[in-house]
Amino acid sequence: MPIQITFDEQNELISNTLVLGLPDHLNQLGTVTLQGHDLSDALDTYKHHHMIHSEVGKVSSTFFETGDIKVRLITVGLGNLKQLDRIQTMKVYGNLLQYLKAEHVTEADVLFSTFASKAISKNEMAELFGLQGKKALYVFDNYKSDKKVPYHLNLKLHQAEPDEITAIKDGEVVGEGIKIARDLSNIPPNILTPAYFAELISGHFAETAVEVDVKDAETLQAEGFGLIHAVGKGSANGPRLITMTYQGADDPDAAPIALVGKGITYDSGGYSIKSKPGMQEMKFDMCGAANVVGMIEAAHRLALPVNIVGIIASAENMINEAAMKPDDVFTAMSGETVEVLNTDAEGRLVLGDAVFQAVQHEPKVILDFATLTGAAIAALGFDKAAVFKNNNNAPLDAITALTQRNGEWAYELPVTATERSLIKRSEVADLVNHTNGMGKALFAAAFIMHFSAGTPHLHFDIAGPATTSKSDYNGPKGPTGYLIHSIVDWLRQS
């Protein structure tokens with residue numbers, strides 16, 4: 001645990017470092033006091049002489065003395081509090097915490113009442129502090145032999161109200177969900193096989209409110225999961241279907257929310273083989289599945305009053321004498337036949353069976369998450385997800401409103417009669433998994449949502465933002481846990 005947070009009841013400093021937020025206009029905070037001392041005039045003087053700065057996310061450090069308080073003062077700019085939204089607040093906290101780590105600060109007192117906004121509530125500010133404490137300082141060095149000494153930071157928060165303390169702890173829980181997703185996504189593919197993925201998930205949720213069921217390769221074949229079997233049979237490491245069930249609603253029979261994740265632990269492309277550069281980072285083709293694990297982790301630890309079923313279709317897309325080939329035809333769990341024209345379009349195959357399995361739980365809505373198509377990146381860039389709906393009962397507007405405020409942008413792309421027709425354009429089977437035309441992200445979405453029939457369904461193509469190539473205030477480059485924050489927010493509203 002990189003951050004240990006305690007809450008002040010005695011109004012005593014535990015360190016010689018004082019941290020506070022600094023807005024453009026100090027009068028927006030009212031009187032800033034600590035241990036009976038009014039700090040406002042001194043802070044105004046320091047700001048006037050450019051010793052500390054109020055630009056959003058800019059961290060300053062100087063010696064500070066007033067009365068009998070003599071400390072190292074570290075400030076982080078808040079800008080205009082009327083414009084300090086959730087995204088800017090995450091930048092504020094992320095930059096601050098990363099600065100403390102870079103400066104090897106291990107103990108600090110935080111005047112938490114100075115972290116205020118006129119645009120969002122105090123509890124939102126507090127929750128984002130707990131969240132960024134987990135995200136901004138994330139480290140994955142499990143396979144390094146020259147590990148650095150783990151960073152530990154003890155923070156004592158002054159002037160935090162009881163409901164803010166609760167909100168901070170809630171934010172930490174969501175951050176833990178994101179951390180688990182990042183950890184799973186970072187595991188090398190020679191280690192994270194589908195079987196080991198299932199084992200890790202089962203072990204993690206042992207003795208919790210989440211029940212885990214795993215179907216192995218033989219069971220999947222015997223029970224008719226023909227599309228998952230088709231993808232997985234090309235590897236010595238057989239596929240798995242992992243089902244996580246959380247019943248938090250008062251009525252255990254209430255219709256659940258289904259969260260479905262693509263869990264391709266490595267994607268070579270199969271016989272439609274990827275290029276050498278294209279194979280790099282294909283261990284991240286299971287980020288959608290990892291993110292579903294993170295969502296359920298946060299939901300059960302927050303004890304959300306909702307029923308959830310999480311379904312992960314996990315396989316390796318490899319090449320051997322048994323691997324699927326272009327022109328092969330397989331029978332889906334739905335009973336429909338599928339012609340495979342491109343073995344590198346494997347994600348939609350495993351998701352087809354997984355979504356059909358989700359329908360058997362009679363959910364009120366299905367959300368699926370997948371690093372699916374380069375076409376979504378071509379359309380929207382690396383920092384945005386594409387989202388598709390199958391009908392107007394899917395909660396698109398409610399979820400995208402949350403993604404916008406959390407900086408997890410998701411934009412709707414259409415699925416039309418054109419795509420619904422194209423997926424049936426096979427001379428030998430009911431469906432086909434690939435088109436050589438344009439609109440490949442739309443085609444893939446239409447294929448997956450075909451298996452949800454009339455159940456409201458949102459498909460999230462997170463091929464771009466599931467990982468990032470640069471570090472920022474949310475943490476290092478690599479997997480991001482994209483949409484965990486927003487989906488958990490939506491589950492809390494549900």
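**Notes on helix packing and selected residues in a predicted model**

1. Setting aside residues up to four places away in sequence, P465 touches F382, D383, K384, A385, T480 and Y482. The structure is a predicted model, and in it P465 lies in the loop between β19 (457–461) and β20 (467–468). With a relative accessibility of 4%, P465 counts as buried, the cut-off for that class being under 20% relative accessible area. The C-alpha atoms of P465 and G224 are separated by 33 Å, and these two residues are 241 residues apart along the chain.

2. A second loop residue to consider is L483, which sits in the loop between β21 (478–479) and α15 (484–493). L483 has a phi near 80°, a positive value in a residue other than glycine, and the residue is buried, with a relative accessible area of 0%.

3. Q159 likewise deserves a look, for its phi is positive, at about 65°, although the residue is not a glycine. Q159 is found in the loop between β8 (153–158) and α4, and with a relative accessible area of 31% the residue is classed as partly exposed.

4. The helix that follows that loop, α4 (residues 162–186), packs against helix α9 (residues 287–301) at an angle of about 155°, and the two axes are 8 Å apart. Because of that angle, α4 is roughly antiparallel to α9, given that angles over 145 degrees are classed in this way. The crossing of the two helices, α4 and α9, is right-handed. On the α4 side the contact is made by V173, V174, E176, G177, I180, A181, L184 and S185, and on the α9 side by C287, A290, N291, V293, G294, E297, A298 and R301. Sorted by class, the contact of α4 with α9 comprises nine nonpolar, four polar and three charged residues.

5. Helix α3 (residues 122–135) also meets α4, their axes coming within 6 Å of each other and crossing at roughly 35°. The crossing in which α3 passes α4 is right-handed. From α3 the residues involved are K122, N123, A126, E127, F129, G130, L131, K134 and K135, and these meet D163, E164, A167, I168, D170, G171, E172, V174, G175, E176, I178 and R182 in α4. The residues of the contact of α3 with α4 divide into 10 charged, seven nonpolar and four polar.

6. A further partner of α4 is α15, and the two helices pack at an angle of about 135° with their axes 10 Å apart. The helices α4 and α15 are therefore oblique to each other, and α4 passes α15 in a right-handed crossing. In this contact D170, V174, G177, I178 and A181 of α4 meet I484, H485, V488 and R492 of α15. By class, the contact of α4 with α15 has five nonpolar, two polar and two charged residues.

7. G261 is found in strand β11 (residues 257–267), where, at 0% relative accessibility, the residue counts as buried. Leaving aside neighbours within four places in sequence, G261 is in contact with G288, A289, V292, I311, I312, A313, L351 and F369. Between G261 and R492, which are 231 residues apart in sequence, the C-alpha to C-alpha separation is 20 Å.

8. M51 is placed in the loop between α1 (40–48) and β5 (59–66). M51 counts as partly exposed, its relative accessibility being 37%, and, not counting residues up to four places away in sequence, M51 touches Y46, S60 and T62. The C-alpha atoms of M51 and M438 are separated by 56 Å, with their positions 387 residues apart along the chain.

9. On annotation, UniProt, in an unreviewed entry, places the feature "domain: Cytosol aminopeptidase" at residues 342–349. Over residues 342–349 the chain is 38% helix and 0% strand, and the C-alpha atoms at the two ends are 11 Å apart.

Conventions:
Residues are numbered from 1 along each chain as its sequence is written. This is a predicted model: local features need pLDDT of at least 70, side-chain atom pairs count only at pLDDT 80 or more; totals for chains, interfaces and linings use all residues. Side-chain values use heavy atoms; hydrogens and water are left out. Axes are lines fitted to C-alpha atoms, for helices over the stretch in contact, and angles run from 0 to 180 degrees between N-to-C directions. Helices (H or I, at least four residues) and strands (E, at least two) are DSSP runs, numbered from the N terminus. Angles under 35 degrees count as roughly parallel, over 145 as roughly antiparallel, 65 to 115 as roughly perpendicular and the rest as oblique. A crossing is left-handed if the near helix is turned anticlockwise from the far one by less than a right angle, and right-handed if clockwise. Contact means heavy atoms within 4.5 Å. Ala, Val, Leu, Ile, Met, Phe, Trp, Tyr, Cys and Pro count as nonpolar, Asp, Glu, Lys and Arg as charged, and the others, Gly among them, as polar. UniProt positions are given in the numbering used here, feature names are shortened, and annotations may be inferred rather than shown by experiment. Buried means under 20% relative accessible area, exposed over 50%, partly exposed in between (1.4 Å probe, protein chains only).
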